[in-house]
Amino acid sequence: MCGIVGYIGSQQAAPILLDGLEKLEYRGYDSAGIAVYDSGEVSMAKSKGRLKVLNEITHGGETMPGTLGIGHTRWATHGSPSDINAHPHFNKEKSIVVVHNGIIENYLKLKKKLEKKGYSFMSETDTEVIAHLLDHYYDGNPLRAVTKIMHRMEGSYALGIIFRDHPDELYAVRKDSPLIVGHTDGGSIIASDVPAVLKYTRDVYFIENEEIVRLKKDSMEFFTVDEEPIEKECVRIEWDVNAAEKGGYEHFMLKEMNEQPKAITDTFSPRIKEGKIVIEELNMSAEEIQDIDKIMIVACGSAYHTGVTSKYVFEGLARIPVEVDLASEFRYRKPILNERTLVVVISQSGETADTLAALRESKKQGARVLGIVNVVGSSIAREADNVMYTWAGPEIAVATTKAYSAQLIALYLLAMKFAYERGQMKDEVLQEMLEDLKALPSQVEMLLNNKSKIQRFANRYLAARDVFFIGRGVDYAISLEGSLKLKEISYIHSEAYAAGELKHGTISLIEEGTLVAAVLTQKELYKKMLSNMVEVSTRGAFVLAVTNEGNTEVERAADYVVYIPETNRYFTNSLAIIPLQLFGYYIAVGRGCDVDKPRNLAKSVTVE
């Protein structure tokens, strides 16, 4: 979760730290802090609340001189949001200062040992343990102290560390939490994610698990946990700097929704060549594809919903069994895998802790792992056997929109490729589907241009307490994502159900005025869905329907209808989700919610 940033160089550090933290605030925003070395001492500023509070009390960093510093924006795990629990944390003499993203799982055990040695603690955090543990092992050699604590800490961490005795050095460490470093003009910088450094450099190094980096103004050295020097290759980031800015939109989420046509196009265009689907990064021959006897899709949140969609697509097109698992549950059910299983792990950030753990478990059992991620050089991208990138560009809003749409496209392509190579799809069918795929960006744009109608409808339901989303087949998967979009940014209780399950208990919750969003894009299921809509309507529900153009019969059972353009039955998710995204967005805006930074959530879930 949290975001960390650090700088050492010739410029004043504090403004650079605050600027970097602003780009990382989507990773956590309940408190923030910075520490800067100057004239033999480390000064610190911390505050509960959004980063703007810290910005105000430091006057944009101007009140904190010095060219070496670290900063942190927090998503609370240990200890409630407060000035005391905010990072950075330090030892008693304030000679060692630490920022931390992750969770130290054995911190209580370490804390008790340190307390017996006379150490006292001010905060409720696990991070303060790191500062005191470093103090305990520090003998004048920072690298040695860092390696010793790494051998004793269990859990996940990305650390930025300042030693007052070494004012020309900044240390950074990583285990299971993302960390990048790079050279800037006249200095070096560390950060949790790419947007924080784009303004200063495009050439970065991705720190691997249990690696340490010692940064100086004009150099950096990399070490293993055993203090052995290592060489690393620099990676060029091609993202447009402006892509991480709002660009005149009120919210990042609205901007990113409007970027979906481009994200869809950028994801499919390089993979369609001369009427064929070419996924070079899959690195599988036709024979290897034919040899796969099971696909397992593992993901969290919205990425999981794309997996639910793709189960219908894979099984319908390629006739191959597919299981879809929540990454947080995957390991605990003892999955049965072998070398003929393809495990597809999906993550926007490529750093999702549960998904990474599922990847490692899959490889341990001998399965082939394909990662579908948006961030080049991320942990999943590096550890998977093969990686398929979604070219959505940086996504800043916590609630995903364009990354979700790009993931769907990647999975459509993959399912079509498997269907074709396994002899389940003829050339003419492939060409028809490719034409429908190419039409999606303009169709999505058309739906986005009708946002004013959705806004007017949303304004009627700002006071809603409960909303239910229902659908069958692929439409059930759309309902899952529509429901999540609404609840995560508007704080309205919302649930998604397979429509056929209504009569098995859920319908008892329907009362006068309850809003039910019904999705029906699968023609063979129209009649069954209409029956479900009548069931809730007769019990007082107000029914919003999302359906295909031409299905005017739905108006008999719905109070409000949104029509989507005709497309291949397997691609309807890409269109039906657009009005549901807009609905959730305008509800949240109307209720005065912080759309880009919903409470209790962070963009990249790097802890279990």
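**Threonine 341**

I looked up the contacts of threonine 341 in this predicted model. Leaving aside residues up to four places away in sequence, I found that threonine 341 touches Ile292, Asp293, Lys294, Met296, Ala367 and Arg368. I placed threonine 341 in strand E20. Is threonine 341 buried or exposed? Its relative accessible area is 1%, and the cut-off for buried is under 20%, so I entered threonine 341 as buried. I also checked threonine 341 against glycine 550, which lies 209 residues away along the chain. Their C-alpha atoms are separated by 41 Å.

**Helix H11**

I went on to H11, residues 353–364. I checked its length: at 1.5 Å a residue, its twelve residues should span 16 Å. The end C-alpha atoms are 17 Å apart, and I noted that this agrees.

I then asked how many of the twelve residues of H11 are buried. The count is nine, so I described H11 as largely enclosed by the rest of the structure. I listed the buried residues as Ala353, Asp354, Thr355, Leu356, Ala357, Ala358, Leu359, Glu361 and Ser362. What do the buried residues of H11 pack against? I found three strands, E18 (294–299), E20 (341–347) and E21 (368–373), and two helices, H10 (327–330) and H12 (379–383). Strand E20 is also where I had placed threonine 341. Just after H11, I noted a positive phi of about 90° at glycine 366.

**H7 with H13**

I took the pair H7 (residues 260–268) and H13 (residues 402–421) next. Their axes come within 9 Å and cross at roughly 30°. Angles under 35 degrees count as roughly parallel, so I entered H7 as roughly parallel to H13. The crossing is right-handed. From H7, I listed Gln260, Ala263, Ile264, Thr267 and Phe268; they meet Lys402, Ser405, Ala406, Ile409, Ala410 and Leu413 of H13. I sorted the residues of this contact into seven nonpolar, three polar and one charged.

**H15 with H18**

Last, I looked at H15 (residues 451–459) and H18 (residues 572–590). I found their axes 9 Å apart and their packing angle about 50°. That makes H15 oblique to H18. I recorded the crossing of H15 and H18 as right-handed. On the H15 side I listed Lys451, Ile454, Gln455, Phe457 and Ala458, which meet Pro579, Leu582, Phe583, Tyr586 and Ile587 in H18. By class, I entered eight nonpolar residues, one polar and one charged for the contact of H15 with H18.

Methods:
Residues numbered from 1 in each chain as written. Predicted model: local features only at pLDDT ≥ 70, side-chain atom pairs only at ≥ 80, totals over all residues. Heavy atoms only, no water. Helix = DSSP H or I, 4+ residues; strand = E, 2+ residues; numbered from the N terminus. Expected span 1.5 Å × (residues − 1). Buried < 20%, exposed > 50% of the residue type's maximum accessible area, 1.4 Å probe, protein only. Contact = heavy atoms within 4.5 Å. Axes fitted to C-alpha atoms, helices over the stretch in contact; angles between N-to-C directions. Parallel < 35°, antiparallel > 145°, perpendicular 65-115°, else oblique. Left-handed = near helix turned anticlockwise from the far one by under 90°. Nonpolar A, V, L, I, M, F, W, Y, C, P; charged D, E, K, R; others polar.
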